[in-house]
Amino acid sequence: MGAWDSLDDRLRPVVQASTDEYARVRPALEKLTREMEESLRDTFTDSPVRPLFVASRTKTVESFRDKAARTLPSEDPDELPTLLFPDPLRNLIDLVGLRVIVTLPHEVDEAANLIKRQRAEFDCRGDREKDIGSIESGTYGYSSRHLILRTIQNDTVREYHKLLDPEQRPNGSYLFEVQIRTVLAHAWSEIEHDIRFKAGDPRAWSPYFDRQFTATAAMLETVETAFAELHERYETVTGFWDEEGEGSAPLTPNRIRDIWMTLLPHVNRKTGDDWGWAAELLAAHGMKTTMDLAGLLQADAITEVRQALDHRYSPGPDRLLDDLLLWRFGKEHIDLTAEPEDAPVKPRRESLGRRYRQMQLFRAREAQ
């Protein structure tokens with residue numbers, strides 16, 4: 001049951017008059033809505049920020065009437081309640097609403113900042129993060145970035161103002177709302193809204209729904225965080241192949257550790273371990289840049305090495321790096337990093353020799 005259904009009969013004529021006026025001018029607002037959507041789309045055209053989609057809506061007449069019918073209770077039961085929006089056509093700032101839906105959380109801020117920089121068209125009058133659950137039902141839920149923008153010297157707004165009040169001088173300024181959220185937040189909000197507000201009889205509601213919506217919001221937030229971490233890792237990995245940036249950075253022991261933990265986080269060493277041994281092994285082959293190491297730690301090479309040596313257990317970084325260098329450089333790796341051939345005791349040379357022979361047999365079998 002909406003606010004209009006429970007509105008005091010004595011206030012209905014006032015609200016209905018505002019609703020009739022809104023119905024009359026709404027086509028002009030629809031034109032403004034389309035223009036604002038097109039303007040936002042143009043904002044992202046040459047931008048690195050790529051929304052999944054931009055959508056818009058002009059508040060329906062029924063929704064306007066219900067919102068215009070909201071009241072504040074009077075302290076005196078004999079007095080009329082007060083309308084929350086006494087002049088809704090001018091008080092409400094969500095008659096024109098737009099949504100920008102992005103993929104990942106960091107894109108929400110990027111999109112908001114980009115929109116706010118369009119100062120020739122918009123003046124940002126409000127910027128805050130709202131909780132979608134609180135907006136819809138007073139419960140915990142997903143968050144959404146909300147911008148309140150004011151148009152600047154807009155001709156379509158002037159047309160609307162002339163239609164609304166021919167006696168007033170149109171100034172081209174109009175407040176509207178832009179919501180920016182991730183696709184998961186958008187899906188959660190849409191489903192929550194449909195169930196809460198389109199479920200028919202409100203008596204069918206139960207605390208179970210609140211608990212489940214809270215639980216699904218938490219689960220989606222976890223999924224979103226995982227996607228964000230995957231994206232960050234992907235950006236880091238692709239940066240290794242940039243010769244002018246990450247790719248050309250020199251390999252210090254700490255950098256080797258960071259690259260290893262980015263590409264192979266499941267093959268770890270104890271926190272605080274020194275990676276100088278790795279720098280020495282790589283430097284023996286003239287591998288001194290980030291790109292050199294990233295090229296060595298390729299998934300297909302790791303798979304072949306482990307198949308060739310038939311590892312019973314997952315090798316640690318020390319053994320795996322040694323084996324990858326042996327796989328790529330063969331006997332050269334033995335000669336550069338093991339004891340001399342005439343050394344009285346040469347355990348490393350013997351170990352590398354056994355592993356190298358296994359690799360040669362594996363390659364021979366694979367070549368057949």
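Is glutamate 37 buried or exposed in this structure? In this predicted model, glutamate 37 is buried, because its relative accessible area is 17%, and the cut-off for a buried residue is under 20%.

**Two buried residues**

Glutamate 37 is found in helix α1, which covers residues 12-45. The side chain of glutamate 37 makes a polar contact with the side chain of arginine 41, at 2.6 Å. If neighbours within four places in sequence are left aside, glutamate 37 is in contact with Val54, Ala55, Ser56 and Leu98.

Leucine 89, which lies in helix α3 (residues 88-91), is also described as buried, with a relative accessible area of 9%. Once its neighbours within four places in sequence are set aside, leucine 89 is in contact with Ser18, Glu21, Tyr22, Val25, Phe64, Leu95, Tyr160 and Leu164. Of these partners, leucine 164 is 75 residues away from leucine 89 in sequence, while in space the two C-alpha atoms are 9.0 Å apart.

| Residue | Helix | Relative accessible area |
|---|---|---|
| Glutamate 37 | α1 (residues 12-45) | 17% |
| Leucine 89 | α3 (residues 88-91) | 9% |

**The nonpolar cores**

In soluble globular proteins, nonpolar side chains tend to be buried together. The largest nonpolar core of this model has 42 residues, and those with the most contacts inside it are Val100, Ile115, Tyr174, Phe176, Val178 and Ile180. The elements that each give two or more residues to this core are α1, α2 (61-68), β4 (96-102), α4 (105-116), β6 (143-151), α6 (155-164) and β7 (175-182). Helix α1 provides the largest share of this core, with 9 residues.

Isoleucine 180 touches Val100, Val108, Ala111, Ala112, Ile115, Ser144, Arg145 and Leu147, when residues up to four places away in sequence are not counted. Apart from the largest core lies another one, of 35 residues, which includes Leu281, Ala301, Val305 and Leu325.

**Helix α13**

Leu325 also appears among the buried residues of α13, which are Pro317, Leu320, Leu321, Asp322, Asp323, Leu324, Leu325, Leu326 and Trp327. What covers these buried residues includes α9 (253-263), α10 (276-284), α11 (290-296), α12 (299-309), α14 (331-337) and α15 (347-367).

How far should the 13 residues of helix α13 span? At 1.5 Å a residue, helix α13 (residues 317-329) should span 18 Å, and its end C-alpha atoms are 18 Å apart, so the expected and the computed values agree. Just after α13, glycine 330 takes a positive phi of about 60°.

Key:
Residues numbered from 1 in each chain as written. Predicted model: local features only at pLDDT ≥ 70, side-chain atom pairs only at ≥ 80, totals over all residues. Heavy atoms only, no water. Helix = DSSP H or I, 4+ residues; strand = E, 2+ residues; numbered from the N terminus. Buried < 20%, exposed > 50% of the residue type's maximum accessible area, 1.4 Å probe, protein only. Contact = heavy atoms within 4.5 Å. Polar contact = N/O pair within 3.5 Å; in protein donor to acceptor, adjacent residues only side chain to side chain. Expected span 1.5 Å × (residues − 1). Core = buried A, V, L, I, M, F, W, Y, C linked by side-chain atoms within 4.5 Å.
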